[in-house]
Amino acid sequence: ADPSSLVFCFDFDGVVCDSVDESSETAWRHAKKLWPELDLGSSPELYLAPMRQVRPVVETGWENTVLIRILCEAGVIGPKVERGPLGLGFDNLAASGYGSVSGGDSSALGSQNGAARLKTGADLIAEAVLSNWEEMREERVKE
């Protein structure tokens, strides 16, 4: 091949630049168009921190849109969001087998700078997504 016709493509996301917020906002906009029945809120702002937590599962860009839906159905932006088919929500994580928020469960405690802190509902949802991503993604792809 002629060397002048060679094209090299590099993916520096996460190495040279951080595009989590931009890809999350784009996914939020796509989800609003794809699923107008979902109450995704009026801004992607509330999804940015949870999307940063679940980012490690993303292999290709389309998965960001699926993650936005899962986070919405789990109640990341508020308790009035209807639960999805996997039943993820702040109030029923333990019942779904994806996590626990019970007082005696040490998994509900995190550590930050050596100090214990109570995990938020968003933390527990992120852990559920990270632990069960394959199942969650396949469920959404079927829809």
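What follows is a chat about how some helices pack in a predicted model.

Me: What kind of model is this, and how are residues numbered?
Reply: This is a predicted model, in which local features need pLDDT of at least 70 and side-chain atom pairs count only at pLDDT 80 or more, while totals for chains, interfaces and linings use all residues. Residues are numbered from 1 along each chain as its sequence is written, and side-chain values use heavy atoms, with hydrogens and water left out.

Me: At what angle do H3 and H5 pack?
Reply: Helix H3 (residues 62–74) and helix H5 (residues 121–142) pack at an angle of about 115°, and their axes are 10 Å apart. Helices here are DSSP runs (H or I, at least four residues), numbered from the N terminus, and axes are lines fitted to C-alpha atoms over the stretch in contact, with angles running from 0 to 180 degrees between N-to-C directions. H3 and H5 are therefore roughly perpendicular to each other, a term that covers angles of 65 to 115 degrees.

Me: Which residues of H3 and H5 meet there?
Reply: Among them are Trp62, Val66, Leu67 and Leu71 in H3, and Ile125, Val129 and Trp133 in H5, where contact means heavy atoms within 4.5 Å. By class, the contact of H3 with H5 has 11 nonpolar, no polar and 5 charged residues; Ala, Val, Leu, Ile, Met, Phe, Trp, Tyr, Cys and Pro count as nonpolar, Asp, Glu, Lys and Arg as charged, and the others, Gly among them, as polar.

Me: Is Ile125 buried or exposed?
Reply: Ile125, which lies in helix H5, is buried, with a relative accessible area of 0%; buried means under 20% and exposed over 50%, with partly exposed in between, using a 1.4 Å probe and protein chains only. Ile125 and Leu71 are 54 residues apart in sequence, and their C-alpha atoms are 7.5 Å apart in space.

Me: Switching to H2, which of its residues are buried?
Reply: In helix H2 (residues 45–54), the buried residues are Tyr47, Leu48, Pro50, Met51 and Val54, and what covers them includes helix H1 (20–34), H3 and H5.

Me: And how many residues are in the largest nonpolar core?
Reply: The largest nonpolar core, meaning a set of buried Ala, Val, Leu, Ile, Met, Phe, Trp, Tyr and Cys residues joined through side-chain atoms within 4.5 Å, has 25 residues, and those with the most contacts inside it include Tyr47, Met51 and Trp133. H3 gives the most to this core, with 7 residues.

Methods
Helix = DSSP H or I, 4+ residues; strand = E, 2+ residues; numbered from the N terminus. Parallel < 35°, antiparallel > 145°, perpendicular 65-115°, else oblique.
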